[in-house]
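Please open the model in your viewer and keep the selection tool at hand. The stops below go from one pair of side chains outwards to the parts that they join.

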2 protein chains.
Amino acid sequence: MKITKSDDSLANSLHQRRQKLASLINFPTILWSGRSTPRNYPALTFPFRASSHFLYFSGLPLENAAIRLESGKLELFLDDAPASSTLWHGEMPKRAEIAELIGADAAFPMAELKSRSSSRAPLTTNAATIAVQDAFTQLQQSQILDRPLAPPTSPTGIDLELTKAIVSLRLSHDAASLAELRQAAAVTVEAHKAGMAATRNAQIEAGVRAAMESVIISENMTYAYPSIVTVHGEVLHSEHYHNSLQTGDLLLADVGAETSTGWAADVTRTWPVSGKFSPTQRAIYDVVLAAHDACIDYISPGVEYQDIHLLAARIMAEGLVDLGILRGNVEDLVEMDAHALFFVHGIGHLIGLDVHDMEDLGDLAGYEEGRTRSSRFGLGFLRLNRVLRPGMLVSIEPGFYQVPAILNNPENRTKYEDFVKWEELEKFADVRGIRIEDDILVSEKGGEVLTGKLPTKAPEIEELVALNT
Amino acid sequence: MKITKSDDSLANSLHQRRQKLASLINFPTILWSGRSTPRNYPALTFPFRASSHFLYFSGLPLENAAIRLESGKLELFLDDAPASSTLWHGEMPKRAEIAELIGADAAFPMAELKSRSSSRAPLTTNAATIAVQDAFTQLQQSQILDRPLAPPTSPTGIDLELTKAIVSLRLSHDAASLAELRQAAAVTVEAHKAGMAATRNAQIEAGVRAAMESVIISENMTYAYPSIVTVHGEVLHSEHYHNSLQTGDLLLADVGAETSTGWAADVTRTWPVSGKFSPTQRAIYDVVLAAHDACIDYISPGVEYQDIHLLAARIMAEGLVDLGILRGNVEDLVEMDAHALFFVHGIGHLIGLDVHDMEDLGDLAGYEEGRTRSSRFGLGFLRLNRVLRPGMLVSIEPGFYQVPAILNNPENRTKYEDFVKWEELEKFADVRGIRIEDDILVSEKGGEVLTGKLPTKAPEIEELVALNT
C-alpha cells in the first residue's frame with residue numbers, strides 16, 4: 001500500500017461520510033475489511049481486495065482490519081505488522097500513521113475490538129455490521145459480535161437499517177469518489193484504445209486482452225472484473241481467450257480498471273478484427289449505437305431507470321424492424337419481449353466500489369424499496385430499478401446477440417413465429433454479439449459520460465483499429 | 001476451459017499417474033478441485049484455481065469437481081452446467097466429454113459422491129483425502145467423508161499415507177508435466193526479455209510489470225505467483241509497483257508464468273534501470289552469478305540439496321571477502337552464518353504445480369522424512385532439504401540484499417562486529433537487492449536449466465535493457 005500524505009482531502013471526505021451515516025442511524029457500526037484468500041497455499045494468496053463497505057468509510061485497502069463508527073467518530077482496529085515481516089514485505093506504515101491519514105479518532109490492535117470495554121457498554125454491543133464475502137472473516141464477525149450473521153442479501157434488525165443507510169450514501173457519489181471514478185474511467189478509455197490498436201497484430205483473443213490489461217497494470221491499477229475479450233460476444237461473461245482472430249470476426253471487449261482504493265469503471269466496445277465492419281455488422285452496430293445514444297440523452301434526475309431500459313428496447317425493436325429482422329408494431333414487439341430475443345440483458349447497473357455496485361446486497365441497492373424483480377422475460381434481468389438522482393453513476397450498455405440457446409429454443413420459435421423473419425436473420429450471421437457500454441454520471445444537467453473520450457461511432461472505431469501498433 | 005481432443009497423451013499420462021498411486025496405497029482416494037472464491041460478491045470471483053493435487057490426477061481445472069481413485073481406476077464427479085448458464089458462459093463441455101478426455105472409468109453428478117453405493121462398502125468409506133485451501137470446500141470434504149479433516153500440513157492415518165504417496169509421485173516429473181513446465185519456462189523467459197526492453201521507457205515499476213505480464217497473458221497463461229517487480233529488491237516479496245525508476249537503480253523482477261493446467265515457472269533477474277551496472281553493482285552481481293552458476297553445475301542425482309545451499313553460502317562469503325565487505329576465513333564465516341546477513345533466504349525450492357511445489361503440505365514435501373527445519377539462522381529458511389533425484393525441478397536463486405532490519409539489528413552488529421567491514425559496505429549502497437533465479441531439472445546427466453535461454457551474464461543483460469522498445 002502506498003501511503004501519501006499530500007493533503008487532508010481523504011480524511012475530510014471520510015469525515016463527511018461518517019457524519020452522513022450518523023445522521024441516518026443512532027447505533028454503532030463495525031465494518032471488517034476481510035483477509036486475502038489462499039490460492040495454492042497460505043503464503044500464496046489471491047490479491048487482497050477489501051470489502052467495499054469498509055473501503056467506503058476507511059478509504060484504504062487495509063488487510064485484516066476493522067473500523068467502528070459511532071456518532072461520526074471512527075475507531076480503527078489494525079495490528080501492526082510483526083517485525084519479522086519486514087524482510088518479506090518491507091517497512092509497513094504503522095497503525096498510528098494510517099489512523100492519522102484517514103482521520104481516525106482512535107486506533108487499537110485488533111484484539112481490542114473484542115476485549116476493550118469503555119465506560120459505556122462493551123464496544124461490540126448492539127453494533128450493526130454487513131457480512132463480508134470471505135468465510136473466515138464472516139466467522140470472526142459472528143464471534144466478535146456474539147450473534148449469528150445473516151447473509152448480506154437478507155440482513156435483519158439493525159443490520160438491515162445499517163444496510164439501507166449505507167445504500168443511501170453509496171448511491172450518490174461525493175467529490176472524493178468521483179475523482180477516483182474519473183481516474184478509473186480515463187485509464188479504461190486508454191485500455192480500449194490500446195486493445196483496438198493491438199487487434200490486427202494479435203493472433204488470439206489473449207493478445208488483445210494483454211494489450212488492454214497492460215495499460216491498466218502500468219497505471220498501477222487492477223481490473224475491476226474478469227476481462228471479457230472475445231469473438232463470441234454472444235457469450236455474455238466469456239472468460240476464454242484462446243480463440244483465434246479471423247478476418248470477418250467482431251471482437252467484443254468488456255474491460256474496466258479499478259483504482260488502488262477500489263473504484264471501478266466498466267466499458268464495452270465491439271470492433272471488427274479486420275478494421276472494417278461488414279455491411280450487416282455495421283447495420284446492427286448502428287442500431288445498438290442509436291439505443292446507446294438515446295438512453296444517455298434521456299438520463300436525468302427523476303427519470304425511472306427502467307424507462308431507460310424500455311427506451312432501449314423500443315429503439316432496438318424499431319431498428320430490427322427496419323432491418324427486416326422483426327416484423328410488427330414496435331410497441332407490441334416490446335410488450336411481448338421480442339427485442340429480448342436479441343437484447344438479452346438489462347440496459348445497465350450502478351457503478352462504484354463494485355462494478356455492479358453493492359451487488360453483495362442482492363437487490364437492496366439496485367431496487368427501490370418495495371420493488372422486486374419483474375417476472376417478465378424482457379425485464380427480470382434488470383439490475384437497477386430506481387429513480388435516478390444526482391451523483392449516481394450508471395452504465396448504459398445496450399447489446400445485440402445471437403444466442404443459439406435462445407434463438408433455437410422451440411418455445412421461442414413458436415411464440416415469436418410471426419414476428420421474427422428467420423431467413424432475414426440468417427443474413428446477419430456474422431454478428432454474434434455487439435455491445436456498446438459507457439459509464440454515465442447523473443447530474444443536475446443530465447448525464448455526463450465519464451468514458452466519453454472513447455469513440456463510439458463506427459468510422460472512428462475503424463480508424464482506431466487501423467492504428468495497429 | 002479449452003478442451004482439445006488432439007491426442008490421448010493426457011489420458012495416458014493420467015492413467016500412469018493413477019497406476020503409480022495404486023502401487024503405493026491400497027485404499028481409495030477422493031480429491032476435490034475446490035471452487036472459486038468471491039471477490040466483491042458471489043458473481044464476481046477471483047479467477048478459479050483448482051487444487052494442485054486434483055490437477056495432478058485430473059489434468060484439467062474443473063470447478064466444483066471431485067475424483068475418486070481406487071486401484072488405478074478414476075471416477076469423475078462433476079455437475080453439468082445448467083442450461084441457463086449458457087447465456088453467461090457459453091456451451092460448456094459435458095461431463096461425458098470431459099470424462100473421455102481424461103480417461104475416466106466412470107462419471108457421475110456430484111451428488112452421487114455421497115449417495116451412490118455399490119456392492120462394496122459406500123464409496124466414501126475409508127477414502128483418504130487432502131484438505132483443499134478454500135474453507136467452503138473443506139467443509140464439504142468433511143461432510144462427505146463424515147469425519148473431521150486435519151489441515152494438509154498435519155494429516156493423520158490414511159490421509160498421511162496418501163500425502164506421502166502423492167509427494168513421492170509429484171517430486172519427480174513425468175513427460176506430460178515436463179512438457180507443461182517447459183512451456184511455462186519458455187513464456188517466462190520471453191516475459192523477462194520484454195521487461196528488460198520496456199525498462200528505459202517506463203516511469204514506474206508498474207510499467208515494467210505490465211510489459212512482463214502482458215507476455216504471459218497474451219500466451220493465455222496466468223502468473224504463477226504475484227509478480228515482484230521492484231527497485232527495492234531487499235523487500236523479498238514486495239507487491240508494490242508505484243516506485244519511480246531512477247537512473248542508478250537496480251530493478252529486481254521475480255515473475256513466472258503458469259500454464260492453463262497449472263504448471264509453474266519461477267525466474268528472477270536483476271538489471272540496471274539505466275542499462276549499465278555501476279562498478280559496485282556489477283561486482284556484487286558477479287558474486288551472486290558465481291554462486292548461481294556453481295550451484296547449477298553441482299546439481300546431480302544423489303546430491304543433498306542443502307549442500308547446494310551451503311555451496312552458495314561459501315561462494316557468497318568468499319566473494320564478499322574478496323570485495324572487502326566480509327573479513328575472515330570463508331568456512332568460519334559460513335559456520336557463523338555471516339553470509340546470511342546478506343543472503344537472507346534459502347537457495348531454492350521445488351517447482352511444479354505450485355511455484356513452491358506442495359507447500360500446502362508444509363514441509364512434508366520439501367523435507368526428507370525424519371528431517372526438520374534447522375534452528376540455525378543461516379539454514380532455517382531452507383524450503384527444500386532432500387537428496388536430489390531425477391525428474392525433480394528445483395529453483396536455484398542466490399541473492400544479496402541489504403535489509404535494514406537485519407543489518408541494523410544491534411544483536412547482529414555485535415555478533416558480527418569483527419567480520420563485517422561496515423565502512424566498506426557503505427560503498428555498495430547502490431545495491432539494495434540482487435537475485436538471479438533459474439529453474440533446473442535434475443536429470444541423470446546433471447542439471448538442465450529449463451530457463452537457460454534467458455541470459456545471466458551482466459553484459460548480455462545490459463544489452464537486453466538497451467533494446468528498449
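Begin by selecting A:Lys164 and A:Glu369, whose side chains meet in a salt bridge with N and O 2.9 Å apart; the term stands here for a side-chain nitrogen of Lys or Arg within 4 Å of a carboxyl oxygen of Asp or Glu. What you are looking at is a predicted model, in which local features need pLDDT of at least 70 and side-chain atom pairs count only at pLDDT 80 or more, while totals for chains, interfaces and linings use all residues. Residues are numbered from 1 along each chain as its sequence is written, chains are lettered from A in the order in which they are written, and side-chain values use heavy atoms, with hydrogens and water left out.

Next, colour chain A by domain, taking 9-171 as domain 1 and 175-466 as domain 2; these bounds come from an automatic or database domain assignment. The centres of the two domains of chain A, taken over C-alpha atoms, are 34 Å apart, and their contact takes 20 residues from domain 1 and 22 residues from domain 2, where contact means heavy atoms within 4.5 Å. Between them, domain 1 and domain 2 of chain A bury about 1,700 Å², with 58% of it on carbon and sulfur atoms; buried area is the accessible area (1.4 Å probe) that two parts lose on being put together, summed over both.

Stay at this interface between the domains of chain A, where the rule finds four salt bridges and also nine residue pairs in polar contact, both residues being at pLDDT 80 or more. A polar contact is a pair of N or O atoms within 3.5 Å; within protein, one must be able to donate a hydrogen and the other to accept it, and residues adjacent in sequence count only if both atoms are side-chain atoms. On the domain 1 side, select α1 (9-24), α2 (52-58) and α7 (157-171) of chain A, the elements that give two or more residues to the surface touching domain 2. Of these, α7(A) gives the most, with six residues. Helices (H or I, at least four residues) and strands (E, at least two) are DSSP runs, numbered from the N terminus.

Move now to chain B and select B:Asp354 and B:Arg170, which form a salt bridge at 3.3 Å, N to O. This pair links distant parts of the chain, 184 residues apart: B:Asp354 lies in the loop between α12 (330-335) and β12 (393-396), and B:Arg170 in helix α7 (residues 157-171) of chain B.

Then show both chains and look at where they meet, a contact that takes 58 residues from chain B and 58 residues from chain A. Which residues of chain B lose the most area to chain A? They are B:Tyr41, B:Leu87 and B:Trp88, together 15% of what that side buries. The area buried between the chains is about 4,800 Å², of which carbon and sulfur atoms give 61%.

The rule finds two salt bridges across this interface of chain B and chain A; to see one of them, select B:Glu258 and A:Arg39, whose closest N and O atoms are 3.0 Å apart. Eleven residue pairs are in polar contact between the two chains. On the side of chain B that touches chain A, the largest share, nine residues, comes from α9(B).

Finish at B:Ser214, which of the residues of chain B comes closest to the rotation axis, at 2.9 Å (C-alpha). A rotation of 180° with 0.0 Å of shift along that axis superposes chain B on chain A (RMSD 0.0 Å), by least squares on the C-alpha atoms of residues with pLDDT of at least 70 in both. That is the relation of a two-fold axis, and 100% of the contact residues of chain B recur in chain A.
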